[in-house]
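Here's a quick tour for anyone opening this one up for the first time. Take a look at the fold, then read on.

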Amino acid sequence: MKYRSRVDIVAALLQSAVGGATKTKLMYSAFLSHSQVEEYLEFLGAKRLISFIPDKRRYVPTSRGIQFLKMYGEIKDTVTIEGTPELPPMRLPAPSEADVLDEAERDPTEAVKAARDLRMDEL
C-alpha cells in the first residue's frame with residue numbers, strides 16, 4: 001500500500017461512516033490499528049466531522065463531514081491524471097440520513113431520537 005496523507009485517511013474514515021459504522025468497521029475499512037482509529041476518531045469528533053450515536057453504537061459523519069467529503073471528491077477529481085488507477089466513487093448519505101445528521105447539529109438528544117427512527121437497513 002502506498003503512503004496516504006492524513007487527509008486521505010480522514011476521507012476514508014468519513015466515507016466508511018456514511019450510513020453508520022462501528023469502530024471495528026472504520027478500523028478495517030481505513031486499514032488502521034485500534035490505537036490509530038481511536039486517535040483519528042478523537043480528532044474527527046473535535047473537528048465536528050463525525051458524531052457517535054450511543055444507542056446504535058455507530059459513528060456517522062456530521063453535515064460538516066459530508067461537506068468535507070464533497071470537497072475532497074471535487075479536489076480529487078480536479079487533480080487526477082488520466083491513465084492513473086481511479087478510486088471508487090464517493091458515496092453520500094441518503095436524504096433520510098442527512099436529516100438525522102442535521103438534527104445532530106441542533107440538539108444531541110433529538111439526534112438520538114431521530115436515529116432510533118431510522119430503519120437498521122438505512123444505517
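**A first look around**

Just after helix α1, glycine 19 takes a positive phi of about 90°. Before going further, keep in mind that this is a predicted model. The notes below start with helix α1, move on to a strand pair and finish with the salt bridges.

**Helix α1**

- Helix α1 covers residues 6–17, and its twelve residues should span 16 Å at 1.5 Å a residue. Its end C-alpha atoms sit 17 Å apart, which agrees with that expectation.
- A good part of α1 is tucked away from the surface: Ile9, Val10, Ala11, Leu13, Leu14, Gln15, Ser16 and Ala17 are buried.
- What lies over those buried residues? The cover includes the helices α2 (23–29), α3 (34–46) and α4 (63–79), along with the strands β1 (50–53) and β2 (58–61).
- As a bit of background, residues three or four places apart in an α-helix point the same way, because there are 3.6 residues a turn.

**The β1–β2 hairpin**

- Strands β1 and β2 run antiparallel to each other and pair over four bridges.
- If you want a spot to find your bearings, isoleucine 50 stands opposite proline 61 in β2.
- Four residues lie between the two strands of this hairpin, where arginine 57 takes a positive phi near 55°.

**Salt bridges**

- How many salt bridges turn up in the whole structure? A search finds two.
- Some background here too: side chains of opposite charge can pair when their charged atoms come close.
- One of the two joins the side chains of lysine 76 and aspartate 8, at 3.8 Å from N to O. This pair links distant parts of the chain, with lysine 76 in helix α4 and aspartate 8 in helix α1, 68 residues apart.
- Are these partners buried or exposed? Lysine 76 has 29% relative accessibility, so it counts as partly exposed. Aspartate 8 has 23% relative accessibility, so aspartate 8 counts as partly exposed too.
- Glutamate 38 forms a salt bridge with lysine 23, and their closest N and O atoms are 2.4 Å apart. Because glutamate 38 lies in helix α3 and lysine 23 in helix α2, this pair ties together parts that are 15 residues apart in sequence.
- Glutamate 38 counts as partly exposed because its relative accessibility is 31%. Lysine 23, at 26% relative accessibility, counts as partly exposed as well.

Technical notes. Residues are numbered from 1 along each chain as its sequence is written. This is a predicted model: local features need pLDDT of at least 70, side-chain atom pairs count only at pLDDT 80 or more; totals for chains, interfaces and linings use all residues. Side-chain values use heavy atoms; hydrogens and water are left out. The expected span of a helix is 1.5 Å times one less than its number of residues. Buried means under 20% relative accessible area, exposed over 50%, partly exposed in between (1.4 Å probe, protein chains only). Contact means heavy atoms within 4.5 Å. Two strands pair if DSSP finds at least two bridges between them. A salt bridge is a side-chain nitrogen of Lys or Arg within 4 Å of a carboxyl oxygen of Asp or Glu.
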